[in-house]
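Thanks for coming, everyone. I'll walk you through one model this morning, starting with a single residue and working outwards. Here it is on the screen.

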Amino acid sequence: MSSSSNFSWSVNRTPKLFKVDLDGNLYCHHEIVAILRIAGPKSVRHGDQFYGCPQWPLSDCKFFMWKHDFDNFFEAHSFKL
Ligand SMILES: [Zn+2]
């Protein structure tokens with residue numbers, strides 16, 4: 001957990017911190033790269049992509065972020081690679 005390429009951003013809209021590396025990988029609260037999933041039919045956003053904990057459902061750390069929101073955040077900060 002000492003890679004210098006990792007850093008944290010705080011998001012003003014929520015009290016949560018999330019972590020992204022310079023390759024654009026998003027990390028869950030386990031500090032593992034989050035994986036992209038597709039919202040199921042029970043979701044109000046069925047079919048939308050979101051990032052979630054890769055260890056779900058075995059050891060879910062409750063990490064969750066819509067891909068759309070993440071992309072918007074990336075663009076808002078001009079953090080294009
Ligand atoms: Zn996790």
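Let's start with F64. F64 is partly exposed, because 15 other C-beta atoms lie within 10 Å. On the cut-offs: buried takes 20 or more other C-beta atoms within 10 Å of a residue's own, exposed takes 12 or fewer, and partly exposed is in between, with C-beta atoms placed from the backbone.

Before I go on, a caution. This is a predicted model: local features need pLDDT of at least 70, side-chain atom pairs count only at pLDDT 80 or more, and totals for chains, interfaces and linings use all residues. Residues are numbered from 1 along each chain as its sequence is written.

Back to F64. F64 sits in strand β6. Helices (H or I, at least four residues) and strands (E, at least two) are DSSP runs, numbered from the N terminus. Which residues does F64 contact, leaving aside neighbours within four places in sequence? They are F50 and G52. Contact here means that the two C-beta atoms, placed from the backbone, lie within 7 Å. Look at C53 as well. The C-alpha atoms of F64 and C53 are 7.2 Å apart, with their positions 11 residues apart along the chain.

Now the whole chain. The protein chain has one helix and six strands. Along the sequence the pattern reads β-β-β-β-β-β-α. There are 81 residues, and 12% of them count as buried. Take the contacts with a separation of 6 or more: 23% of those join residues 24 or more positions apart.

Next, the sheet. Three strands form an open sheet in the order β4-β5-β6, with antiparallel pairing. The edge strands are β4 (35-38) and β6 (64-66), and each pairs on one side only. On average, neighbouring strands of this sheet are turned by 35° against each other, direction ignored. For angles, axes are lines fitted to C-alpha atoms, for helices over the stretch in contact, and values run from 0 to 180 degrees between N-to-C directions.

How is the sheet held in register? Strands count as paired if DSSP finds at least two bridges between them. How many bridges join β4 to β5? Four, and the two strands run antiparallel. Strand β5 (residues 49-52) pairs with β6 over three bridges, also in the antiparallel sense.

Follow F50 across the sheet. R37 has F50 as its bridge partner in β5. On the other side, the bridge partner of F50 in β6 is W66. Next door, Y51 stands opposite M65 in β6. As general background, strands of a sheet pair through backbone hydrogen bonds, either parallel or antiparallel.

On to the helix. Helix α1 (residues 67-76) lies across β4, β5 and β6, and runs at about 75° to β6. D69 is in helix α1. D69 counts as partly exposed, because it has 14 C-beta neighbours inside 10 Å. Its C-alpha atom is 8.9 Å from that of F50, and the two are 19 residues apart along the chain.

What about the core? The largest nonpolar core has nine residues: V20, L26, C28, A34, F50, Y51, C53, F63 and F70. A nonpolar core is a set of buried Ala, Val, Leu, Ile, Met, Phe, Trp, Tyr and Cys residues joined through C-beta atoms within 7 Å. In soluble globular proteins, nonpolar side chains tend to be buried together. Take F63. Not counting residues up to four places away in sequence, F63 touches C28, H29, A34, G52 and C53.

Last, the loops. Most residues other than glycine have a negative phi, and most peptide bonds are trans. We have some exceptions to look at. E31 is not a glycine, yet has a positive phi of about 65°. E31 is in the loop between β3 (26-27) and β4. E31 counts as exposed because it has 11 C-beta neighbours inside 10 Å.

K62 is another, with a positive phi of about 70°. K62 lies in the loop between β5 and β6, and is exposed because 10 other C-beta atoms lie within 10 Å. P57 is found in the loop between β5 and β6. Is the peptide bond from W56 to P57 cis or trans? That bond is cis, with omega near 0°.

That's my tour. Questions, please.
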